[in-house]
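Here is a friendly walk through one protein model, in questions and answers. Have the viewer open and follow along.

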Amino acid sequence: MPKALEKVLLILSDFLMINFAFYIWCFFRNQMGYYADTNFVISLVIFFYWFFLFFFFGLYRSWYAQSRFDEFVAIFKTISIGAFIGFLMTMDVSVDLSSTPRVSRVTYIVYWAMLIFWVSTGRILLRTLQRKMLEMGVGRRNTLIVGWNSKAHELYDNVREHRALGYDVVGFVDVDKKHLDESYKNIPVLGTIKNLHRLIEEKEVEEILIALKGSSQKKVIEVLSQAGDLPVRIKVLPDLYDIVMGYGRTDQLYGFPLIEIMPQMMPEWEHK
């Protein structure tokens with residue numbers, strides 16, 4: 001799924017679910033005898049409040065076959081922070097701190113729970129659709145595996161077995177030329193790390209998975225140097241993490257751990 005379409009669908013899903021949760025909550029409050037204004041302008045303001053928080057905390061970054069559980073945790077944390085901020089902004093200090101919680105304030109917790117449930121439900125449905133599309137071959141990404149060893153072969157087997165990851169491995173990249181004529185399960189060694197920049201452009205590569213041995217620190221740095229100015233994602237096996245400490249985020253690819261490398265670390269809201 002193209003990144004632009006993914007973001008549009010994410011925003012649409014969040015818009016529908018945030019508003020749905022709001023109107024259901026208003027209905028719930030009105031049934032209990034506490035007036036709740038269902039004005040569309042108010043619901044729109046509330047949506048933009050959550051949209052800003054979601055964007056700030058990176059919930060609109062490209063997902064691409066990541067764990068749905070991890071996304072749920074991120075949604076839970078973001079909505080909890082947002083709800084706490086909203087609670088503080090609407091708190092009557094003289095009343096809320098000097099007496100037992102009012103029923104009208106307790107319903108705020110209901111809104112928090114409903115929002116988490118409905119936003120998560122909308123996103124899980126969207127992510128399930130994305131996985132099905134990847135399994136059918138839609139939106140898959142050309143991928144290079146840097147390394148020629150048992151770990152690299154094991155990583156390829158894992159990627160091939162789980163098509164929902166969306167990786168189409170087009171070849172391996174070795175540290176030197178001595179394996180250029182070899183292949184693993186019909187996937188050839190296309191070149192060396194020195195040719196990586198050219199290979200990325202020629203093969204239209206969007207993902208790089210690094211499976212070098214832990215002692216190959218200079219080679220990992222060379223990979224980052226070769227690919228750093230290109231629109232590719234780079235993931236590395238955990239035993240190389242000490243090389244790039246502080247520049248990664250852990251991902252689980254069906255139980256196979258990889259760490260995504262981000263050479264230019266910055267908050268999501270700083271990205272253009």
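A residue counts as buried when its relative accessible area is under 20%, as exposed when it is over 50%, and as partly exposed in between. Please keep in mind that this is a predicted model.

Q: Is Gly 191 buried or exposed?
A: Start with its location: Gly 191 sits in strand β4, which covers residues 187–192. Its relative accessibility is 2%, and the cut-off for burial is under 20%. Gly 191 therefore counts as buried.

Q: Which residues does Gly 191 contact, leaving aside neighbours within four places in sequence?
A: One of the partners can be introduced through the backbone: Phe 172 is 19 residues away along the chain, and its C-alpha atom is 7.5 Å from that of Gly 191. Contact here requires heavy atoms within 4.5 Å. With sequence neighbours within four places set aside, the partners of Gly 191 are Phe 172, Val 173, Asp 174, Leu 180 and Leu 199.

Q: What is the relative accessible area of Thr 192, and is it buried or exposed?
A: Thr 192 is also a residue of strand β4. Beyond four places in sequence, it touches Val 173, Asp 174, Val 175, Asp 176, Lys 177, Leu 180 and Leu 199. Its relative accessible area is 6%, so Thr 192 is buried.

Q: How many helices and strands does the protein have?
A: Let's step back to the whole chain. Of its 272 residues, 44% are buried. Among contacts with a separation of 6 or more, 70% join residues 24 or more positions apart. As for secondary structure, the protein has eight helices and eight strands.

Q: Are α1 and α2 parallel or oblique to each other?
A: Helix α1 spans residues 3–31, and its axis comes within 10 Å of that of α2, crossing at roughly 130 degrees. Angles over 145 degrees would count as roughly antiparallel, and 65 to 115 as roughly perpendicular. The angle fits neither range, and α1 and α2 are therefore oblique.

Q: Which handedness does the crossing of α1 and α2 have, left-handed or right-handed?
A: The α1 side of the contact includes Ile 11, Phe 15, Ile 18 and Phe 22, and the α2 side includes Phe 40, Leu 44, Phe 47 and Trp 50. By class, the contact of α1 with α2 has 13 nonpolar residues, two polar and one charged. As for handedness, α1 passes α2 in a crossing that is right-handed.

Q: How many charged residues are in the contact of α2 with α3?
A: Helix α2 (residues 40–56) packs on helix α3 (residues 68–89) at about 130 degrees, with the axes 10 Å apart. The two helices are therefore oblique, and their crossing is right-handed. On the α2 side are Tyr 49, Trp 50, Leu 53 and Phe 54, which meet Thr 78, Ile 79, Gly 82, Ala 83, Ile 85 and Gly 86 of α3. Sorted by class, the contact of α2 with α3 holds seven nonpolar residues, three polar ones and no charged ones.

Q: What is the relative accessible area of Phe 87?
A: Phe 87 belongs to helix α3. Its C-alpha atom is 9.6 Å from that of Ile 109, a residue 22 positions away along the chain. Phe 87 is partly exposed, and its relative accessible area is 26%.

Q: Which backbone nitrogen does the side chain of Asn 149 reach?
A: Asn 149 lies in the loop between β1 (141–146) and α6 (150–161). Although in a loop, it is buried, at 14% relative accessible area. Apart from residues up to four places away, it touches Ala 211, Leu 212 and Lys 213. At 3.0 Å, its side chain reaches the backbone nitrogen of Lys 151.

Q: What is the phi of Lys 185?
A: Lys 185 is in the loop between β3 (183–184) and β4. With 39% relative accessibility, it counts as partly exposed. Its phi is positive in a residue other than glycine, near 50 degrees.

Q: Is Glu 204 buried or exposed?
A: Glu 204 is found in the loop between α7 (196–202) and β5 (207–210). It is not a glycine, yet its phi is positive at about 55 degrees. At 61% relative accessibility, Glu 204 counts as exposed.

Notes:
Residues are numbered from 1 along each chain as its sequence is written. This is a predicted model: local features need pLDDT of at least 70, side-chain atom pairs count only at pLDDT 80 or more; totals for chains, interfaces and linings use all residues. Side-chain values use heavy atoms; hydrogens and water are left out. Helices (H or I, at least four residues) and strands (E, at least two) are DSSP runs, numbered from the N terminus. Buried means under 20% relative accessible area, exposed over 50%, partly exposed in between (1.4 Å probe, protein chains only). A polar contact is a pair of N or O atoms within 3.5 Å; within protein, one must be able to donate a hydrogen and the other to accept it, and residues adjacent in sequence count only if both atoms are side-chain atoms. Axes are lines fitted to C-alpha atoms, for helices over the stretch in contact, and angles run from 0 to 180 degrees between N-to-C directions. Angles under 35 degrees count as roughly parallel, over 145 as roughly antiparallel, 65 to 115 as roughly perpendicular and the rest as oblique. A crossing is left-handed if the near helix is turned anticlockwise from the far one by less than a right angle, and right-handed if clockwise. Ala, Val, Leu, Ile, Met, Phe, Trp, Tyr, Cys and Pro count as nonpolar, Asp, Glu, Lys and Arg as charged, and the others, Gly among them, as polar.
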